[in-house]
Structures are given as structure tokens and as C-alpha cells.
Amino acid sequence: VGDKAKSNLLPGGGETVVAVPPPHLRAALHVPVSVMDLVGMAIYFAMEYAFVVQLPTTATRVVFALAANWVAGILHVQLMLSHLATETFTEEEERAEGWAEFQLRTSRNIECKWYENWFHGGLEYQIEHHLFPQLPRHNLDKVKPMVEAFAKKHGIVYRSVPFTTALAEILTNFRSLAKDIVTLHPV
């Protein structure tokens, strides 16, 4: 999952080449989603390889690969911090929650110092980004007080934590998940 998650953040990731069809079409095709994922990743890596080998020198290829993975890695860390170890819902529970409450309960903001904003690229305001996806990121901080007031008025927790707290929550969640997988509790 980690490699797939990282690869789909790179330009032209496999999912943009072979999109996963809707459930009714998947059933008609009788092809598991995991196979479609593998085909998509294979096509993506073949295209990436075909592009990289066109670069003039080995040094240029190495620099390109390092830069592409570094940039995608930063974005991947930001997305993990903002989304993992938050509440999860079934499809029915999601509908019952309502759209705005669902967005607030399934993401978190990362509190930053002024010099850390470059790392998050405006996505430290992930809650506002989910509520207003078309709003330019330099304006997300302007709607934050309104979103906080909305959450308070409706009794919804507004999650905004420092980077280290979010990281600790995620690692704790991974540990708990790993224990659950190893012990295989019945559902």
C-alpha cells in the first residue's frame, strides 16, 4: 500500500492511466480491484522508466528520481498527518453524519510556525481544504475562524494539533492496528 500511495502522488501515477471502474462495471468485468491496481502501477512504472531513460546522463536521471521522490515524499507525509488516525465511518454512517461534519471528523489541521508553512504548502489547513476545495490555499487561514466557530456552535470537535502530536497519534494508531492484525479479533 505504501508504494502505491507514494506512486500515485507522482505526476501521471498509475491510477490516472488505468482508472478503477465503478463497482457495477468491476462486477461485470470479473477482475479484482487489486489486479487493476497492479496493472495501473505496472503501466505507470513502465511510462516512468520510458521517460527517465530519455534523460541525457545517468547523473540527470538520478537527480530527477531523487527530486521527484523527495517532492512526492513531502506531500505524502503531509497527507498522512492530516488524514490518518482520524475517525472512520461506513458508507451509511457517512451519509448520516452530513457532509460538513464528516469533513471535520475525518481530517485534522497541523499547527505550524511561520517558518514551517513551506513544508505543508497551505495544506496544514486540511479541514478548510476539505470544506472549501476550490479556495486558494493562501486564503484557507482566512476561513479557519469561521470553521472553528461553526464546529463549536454544532458541538463538533475541531482537530488542530502540532506536527509532533499528529505524528505520535499516527504511530500509536499503527501500533494498535498491528496488534489487532496479529491477534485477529473477530469483527
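Helices are runs of at least four residues and strands runs of at least two, as assigned by DSSP and numbered from the N terminus.

**Figure 1. Overall view of the predicted model.** The protein contains eleven helices and two strands. Starting at the N terminus, the order of its elements is α-α-α-α-α-α-α-β-α-α-α-β-α. Of the 187 residues, 26% are buried. Among contacts with a separation of 6 or more, 57% join residues that are 24 or more positions apart. The accessible surface amounts to about 12400 Å², and carbon and sulfur atoms contribute 67% of it.

**Figure 2. Close-up of the aromatic pair Y44 and F45.** The structure holds four aromatic pairs. In the pair of Y44 and F45, the ring centres lie 4.9 Å apart and the planes meet at 65°, an edge-to-face arrangement. Y44 is buried, with a relative accessibility of 3%, whereas F45 is partly exposed at 39%.

**Figure 3. Close-up of the aromatic pair W114 and Y115.** The ring centres of W114 and Y115 are separated by 5.5 Å. Their planes stand at 90°, so this pair is edge-to-face. W114 is exposed, with 75% relative accessible area, and Y115 is partly exposed, with 47%.

**Figure 4. Close-up of the salt bridges of R105.** Six salt bridges are found in the whole structure. R105 forms one of them with E87, at an N to O distance of 2.3 Å. This pair links distant parts of the chain, 18 residues apart: R105 belongs to helix α7 (residues 99–105), and E87 to the loop between α5 (58–83) and α6 (91–97). E87 is partly exposed, with a relative accessible area of 37%. R105 also forms a salt bridge with E101, where N and O are 3.3 Å apart. These two residues are separated by about one helical turn because they lie four residues apart in helix α7. E101 is partly exposed, at 25% relative accessibility. A network of salt bridges links E87, E97, E101 and R105.

**Figure 5. Close-up of the salt bridge between E169 and R159.** The closest N and O atoms of E169 and R159 are 2.8 Å apart. E169 is located in helix α11 (residues 163–183), while R159 is in the loop between α10 (140–153) and β2 (160–162), so the salt bridge ties together parts that are ten residues apart in sequence. Both partners are partly exposed: E169 has a relative accessible area of 26%, and R159 has a relative accessibility of 23%.

Terms used:
Residues are numbered from 1 along each chain as its sequence is written. This is a predicted model: local features need pLDDT of at least 70, side-chain atom pairs count only at pLDDT 80 or more; totals for chains, interfaces and linings use all residues. Side-chain values use heavy atoms; hydrogens and water are left out. Buried means under 20% relative accessible area, exposed over 50%, partly exposed in between (1.4 Å probe, protein chains only). Contact means heavy atoms within 4.5 Å. Accessible areas come from the Shrake-Rupley method with a 1.4 Å probe; for residues, only the protein chains shown count as cover. Rings of Phe, Tyr and Trp (its six-membered ring) pair if their centres lie within 6.5 Å; planes under 30 degrees apart count as stacked, over 60 as edge-to-face and the rest as tilted. A salt bridge is a side-chain nitrogen of Lys or Arg within 4 Å of a carboxyl oxygen of Asp or Glu.
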